[in-house]
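Student: I have the sequence and the model side by side now. Could you take one part and walk me through it closely?

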Amino acid sequence: MGSYSAEREAAQRAARGVGGFPALPSGDPLDLTLGEFGSRAVYDSSRSLKGRTVRLTGFVTRGDDGTWYVTRLLVSCCAADATSGKAEVRGADAPPVDTWVTVTGTWHPRSELGSAAAWPPVLDVTSVRRVPQPDNPYEKR
C-alpha cells in the first residue's frame with residue numbers, strides 16, 4: 001500500500017466536531033504525526049498550530065491538479081483498515097511520488113473549521129528533506 005491507495009480514498013470525512021485539544025509542548029519545530037496535524041488543523045477551535053513550526057514525515061502523493069502532499073496511511077488494527085492522512089505542501093517542488101520526506105513549515109489556515117473545504121490541511125514549507133522509509137510506515141490512529 002502506498003500513494004495509489006491513499007490517492008483513491010473517498011473524500012468522505014464525517015464531521016468529528018470542532019473543539020479544544022490538549023496544549024502542545026513548547027519548542028519549534030514540533031514533530032507531529034499526519035493524523036494529529038490534520039485533526040488540529042481542521043478541528044481545533046483554539047488554533048493551537050497558528051504560528052508554530054511543525055515537522056511531518058510521510059510519502060509523496062499528487063493530486064490531479066499537480067498539487068502535492070505529504071501522506072501517511074493511518075491504521076487502527078491493520079493495513080486492511082488503513083485510511084490516509086495528508087497535508088498539502090506549498091512552497092517547494094515535489095519529489096517523485098512515493099518518495100519518503102520530512103517537511104518543515106507552518107500551518108496555512110483555510111476555510112471554516114470542521115468544513116469539507118478545510119481538508120486537507122495546508123503546510124507552507126521551509127524545507128523538504130528526503131528520508132528512508134521508516135521500519136513501520138503506518139501511523140496508529
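Tutor: Sure, let's define burial before anything else: buried means under 20% relative accessible area, exposed over 50%, and partly exposed in between (1.4 Å probe, protein chains only). Keep in mind that this is a predicted model, where local features need pLDDT of at least 70, side-chain atom pairs count only at pLDDT 80 or more, and totals for chains, interfaces and linings use all residues. Residues are numbered from 1 along each chain as its sequence is written, and side-chain values use heavy atoms, with hydrogens and water left out.

The part I'd pick is helix H2, residues 34–43; helices are DSSP runs of H or I with at least four residues, strands are runs of E with at least two, and both are numbered from the N terminus. Eight of the ten residues in H2 are buried: Leu34, Phe37, Gly38, Ser39, Arg40, Ala41, Val42 and Tyr43. Those buried residues pack against strands S2 (53–62), S3 (68–75), S4 (83–90), S5 (100–108), S6 (122–130) and S7 (138–140), with contact meaning heavy atoms within 4.5 Å.

Now for the strands around H2. S1 (residues 30–31) pairs with S2 in the parallel sense over two bridges, and strands count as paired if DSSP finds at least two bridges between them. Leu30 sits opposite Val54 in S2. The chain gets from S1 to S2 through H2, a right-handed β-α-β crossover: with the strands pointing away from the viewer, the path from the first strand over the helix to the second runs clockwise. Val54 also has Gly105 as its bridge partner in S5, and S2 and S5 pair antiparallel over seven bridges.
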